[in-house]
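Here are my notes for your reading of the structure, arranged as numbered points. Please go through them with the coordinates open.

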Amino acid sequence: MKVLFIGNSHTFVHYVPARTAEFCKSYGQPIEPVMLTHPGMGLDWHLRQSQTYFNLLWGGYDAVILQHNAHPFPGKESLLEAGEQMAAITPEGTKIYLYMTWSEKSNPAGQAAMSAAYEALAEKIDATICPVGRIWWQTAAAHPDEELYFADGEHSSVLGASLAAAVIGRTLLGMEVTPEDCYADAKSLERMRLDPRMIDLVLKNGKLDMA
């Protein structure tokens, strides 16, 4: 299965696509991940980039995973507008998945609006939701000693990215998506070693940076 990930830092921090590929491989169903991401940018930005059109129209993808702005979440109408435009340029043979992100650590109440917006888009464009945000908060409640967030309270920790990958991987493979199953998978993926040449989010002198 060839899978295109389109999103921003919540897709590329700690390399969610690589962890998703590792998850699928561990279940004997390997995928080929491709990643189109840019920091702080939503699907509306990707709609203005030539590589988006080229990849969707010529890449021969079995699936595309779409992830919009999260912090702050720009609202339902923003997601619907961009998501519908993305669906309009996605070939019939490419299945659309929606990567539902999580609200800020300081804003747990914000998850409801974000989740509802993704659900509305899924219904509108006949897409499948990867319910990362919902599983995220359920996992946080069940495992309060675990840290899913990076130091900024917005991005994911390695465990958080691993949890996102587990949810996405299980959804792609048509497996049951429960908080405990995803948490167990995330703990395994947390140990995955990435190539040291790959840049990632770090904290330098108290500020976010890439290294």
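1. The model is a predicted one, and I begin with Lys-187, whose relative accessibility of 26% makes this residue count as partly exposed. The side chain of Lys-187 meets that of Glu-146 in a salt bridge, with a distance of 3.0 Å from N to O. Since Lys-187 belongs to helix α9 whereas Glu-146 sits in the loop between α7 and α8, the pair ties together parts that are 41 residues apart in sequence. Glu-146 likewise counts as partly exposed, because its relative accessibility is 25%, and the cut-off that matters for this label is that buried means under 20% relative accessible area.

2. The contact described above is part of a wider arrangement, for Glu-146, Lys-187 and Glu-190 are linked in a network of salt bridges. Across the model, the count of salt bridges comes to seven.

3. Another of the salt bridges joins Glu-147 to Lys-105, and here the closest N and O atoms are 2.8 Å apart. This pair links distant parts of the chain, with Glu-147 in the loop between α7 and α8 and Lys-105 in the loop between β4 (95–99) and α6 (111–125), the two residues being 42 residues apart. Glu-147 counts as partly exposed at 36% relative accessibility, and Lys-105 counts as partly exposed at 44%.

4. Which residue forms a salt bridge with Asp-195? The partner is Arg-197, and the closest N and O atoms of this pair are 2.6 Å apart. Arg-197 has a relative accessibility of 72% and therefore counts as exposed, the threshold for that label being over 50%. Asp-195, at 30% relative accessibility, counts as partly exposed.

5. Turning to helix packing, helix α8 (residues 158–172) packs with helix α9 (residues 179–189) at an angle of about 125 degrees, and their axes are 8 Å apart. The two helices are therefore oblique to each other, because an angle of 65 to 115 degrees would count as roughly perpendicular and one over 145 as roughly antiparallel. The crossing in which α8 passes α9 is right-handed.

6. A second helix pair is formed by α5 (residues 76–88) and α6, whose axes come within 9 Å and cross at roughly 30 degrees. That angle makes α5 roughly parallel to α6, since the label applies to angles under 35 degrees. The crossing of α5 past α6 is right-handed.

7. Gln-138 deserves a separate look, as this residue is found in helix α7 (residues 132–142) and has its C-alpha atom separated by 6.4 Å from that of Pro-179, although the two residues are 41 residues apart along the chain. With a relative accessible area of 42%, Gln-138 is partly exposed.

8. What makes up the nonpolar surface patch of about 510 Å²? The patch is made by Tyr-53, Phe-54, Leu-57 and Trp-58. Leu-57 has its place in helix α4 (residues 50–58), and its relative accessibility of 48% is the reason why Leu-57 counts as partly exposed, given that exposed means over 50%.

Notes:
Residues numbered from 1 in each chain as written. Predicted model: local features only at pLDDT ≥ 70, side-chain atom pairs only at ≥ 80, totals over all residues. Heavy atoms only, no water. Patch = residues over 30% accessible without salt bridge, like charges linked within 9 Å, V, L, I, M, F, W, Y side chains within 5 Å. Areas by Shrake-Rupley, 256 points an atom, 1.4 Å probe, with all protein chains shown as cover. Salt bridge = Lys/Arg side-chain N within 4 Å of Asp/Glu carboxyl O. Helix = DSSP H or I, 4+ residues; strand = E, 2+ residues; numbered from the N terminus. Buried < 20%, exposed > 50% of the residue type's maximum accessible area, 1.4 Å probe, protein only. Axes fitted to C-alpha atoms, helices over the stretch in contact; angles between N-to-C directions. Left-handed = near helix turned anticlockwise from the far one by under 90°.
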